[in-house]
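Got the structure open in your viewer? Let's walk through it one selection at a time.

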Amino acid sequence: MKEISNVDIYQDQNILLKVDELKKYFPIKEGILRRVVGYIKAVNGVNFFVERGHTLGVVGESGCGKTTLGRCILRLLDPTEGSIKFRDSKTDQIIELADLTRNEVKPYRKKIQVIFQDPFSSLDDRMTIEDIVAEPLKAFNQGNKRTRKKIVAELLEKVGLSASHLDRYPHEFSGGQRQRIGIARALSLNPELIICDEPVSALDVSVQAQVINMLDKLQKEQKFTYLFIAHDLSVIEHISDRVIVMYLGKVVEQGTTADLFNNPQHPYTEALLAAIPSPDPTIKLNRELLLKGNVPEPSNPPSGCNFHPRCRYAAEKCKNTEPKLKLSQDDTQDNHYDACLYSDELDLKPAIKQSLKFR
């Protein structure tokens, strides 16, 4: 069966980003001499690709490595091992981001931007909205003060604010408005890839819907590519074209959104789908599928399949054999991958059809 690592960014012009065997380990130091006694394996051999103009959703429980993955791609963190290949659309060159120094990576920061999770801590309350949104433009010497002000005003209009907000400060806005300001800042350099790090998790549900629909509209208008990190599968279902499911620093399943929600191939995905809330009060959660126990420590992951201590289908082989991400047995054309030793034998339940919607 075909391994996901065989997907070739050099041959497929539609692939914007390709990540191979990416690892990020944080050392654990103890004692007076601060000797390294172990590692927290936050990201542990991740493989995936992102197609141009599409949205790849990244989902999993807290602590599974989603945010660390995003920060490695942004090069806010230096990866321990692995490859991060990015296609520069202007030159059509493939850039190995993992090999670049902090100075060498700077020109590519305007091509990869980020929307942060917390709309309060991500904005400087001492700066006006104009200065916040124009900051990336200044950093890359884009235009003069007059042209930057015009660009900022246009960006605010795009995200549902107005030019009258230019001279105001972040503390004068609600959480949803502040997140719109953060989105405008991310759009200011017209990036090719935007990493959305749980951009709606701190917002009310009604505001979440507005922000998600706005991101969807902006993508259709300007052909942005999103890597969308979230723990809410209802959000992921609405905005993503493909989804990767992470557990304890590894990808356990990847496929199109429809295929993954309707035909899960990994028990962890089944459990996450079973926990999606329904607006219909007559529909009860299937408690047999809900996960028990806590996520193991990433500094001391279980042997074999990392998920086996919490898996209701685990067999003896799962305790000793580590599964690799492979093309699913029933896959036809959607490139559905899973990392389960028994995926071809299990009859896993899909998501409840009445999951929360955003329209």
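Start with a lining: the residues around the second largest cavity split into six nonpolar, two polar and two charged. Keep in mind that you are looking at a predicted model. To bring the lining up, select T67, G70, R71, L74, L76, V114, F116, I195, D197 and I229. They enclose about 50 Å³ of space. Which element gives the most to this lining? Helix 1 does, with four residues. Colour helix 1 (66-74) and strand 7 separately, as each of them supplies at least two of the lining residues.

**Next stop: the second largest pocket**

Keep L76 and V114 selected and add R109, I112 and Q113. These five are the closest to the centre of the second largest pocket, out of 14 residues that line it. The pocket holds about 350 Å³ of space. Now show helix 2 (102-109), strand 6 and helix 3, each of which puts at least two residues into the pocket lining. By type, that lining comes to nine nonpolar residues, one polar and four charged.

**Helix 5**

Now select residues 175-187, which make up helix 5. End to end, from first C-alpha to last, its 13 residues reach 19 Å, close to the 18 Å expected at 1.5 Å a residue. How many of the residues of helix 5 are buried? The count is 12 of 13, so to speak of this helix as mostly covered is fair. The buried set is G175, G176, R178, Q179, R180, I181, G182, I183, A184, R185, A186 and L187. To see what they pack against, switch on strand 6 (112-115), helix 3 (129-139), helix 4 (145-158), strand 7 (193-197) and helix 6 (205-222). You have met some of these already: strand 7 at the lining of the second largest cavity, and strand 6 and helix 3 at the pocket.

**A single residue: T55**

Zoom in on T55, which sits in strand 3 (residues 55-59). Is T55 buried or exposed? With a relative accessible area of 1%, T55 counts as buried, because the cut-off for that label is under 20%. Draw a distance between the side chains of T55 and Q219 and you'll find a polar contact of 2.8 Å. For the rest of the surroundings, select Q219, Y226, F228, I239, S240, D241 and R242; T55 touches each of these, leaving aside residues up to four places away in sequence.

**Helix 9**

Move on to residues 267-274, helix 9. Eight of its eight residues are buried, so the rest of the structure largely encloses this helix. Those residues are P267, Y268, T269, E270, A271, L272, L273 and A274. Turn on helix 7 (233-239), strand 9 (242-247), strand 10 (250-256) and helix 8 (257-262), which are included in what covers them.

**Last stop: the largest cavity**

Hold on to P267 from helix 9 for the final view. The structure has five cavities of 30 Å³ or more, and the largest has a volume of about 110 Å³. Of the 15 residues lining the largest cavity, P267, C305, C311, C318 and C340 are the closest to its centre, so to speak the place to aim your camera. What is the make-up of this lining? It divides into 13 nonpolar residues, two polar and no charged.

Note on methods: Residues are numbered from 1 along each chain as its sequence is written. This is a predicted model: local features need pLDDT of at least 70, side-chain atom pairs count only at pLDDT 80 or more; totals for chains, interfaces and linings use all residues. Side-chain values use heavy atoms; hydrogens and water are left out. The expected span of a helix is 1.5 Å times one less than its number of residues. Buried means under 20% relative accessible area, exposed over 50%, partly exposed in between (1.4 Å probe, protein chains only). Contact means heavy atoms within 4.5 Å. On a 1 Å grid over the protein atoms alone, a cavity is a set of points where a 1.4 Å probe fits but cannot get out, and a pocket is an open set with protein on both sides within 12 Å along at least five of seven lines; lining residues have an atom within 4 Å of a point. Grid points are joined across faces, edges and corners, and a volume is the space filled by probe spheres set on the points. Ala, Val, Leu, Ile, Met, Phe, Trp, Tyr, Cys and Pro count as nonpolar, Asp, Glu, Lys and Arg as charged, and the others, Gly among them, as polar. A polar contact is a pair of N or O atoms within 3.5 Å; within protein, one must be able to donate a hydrogen and the other to accept it, and residues adjacent in sequence count only if both atoms are side-chain atoms.
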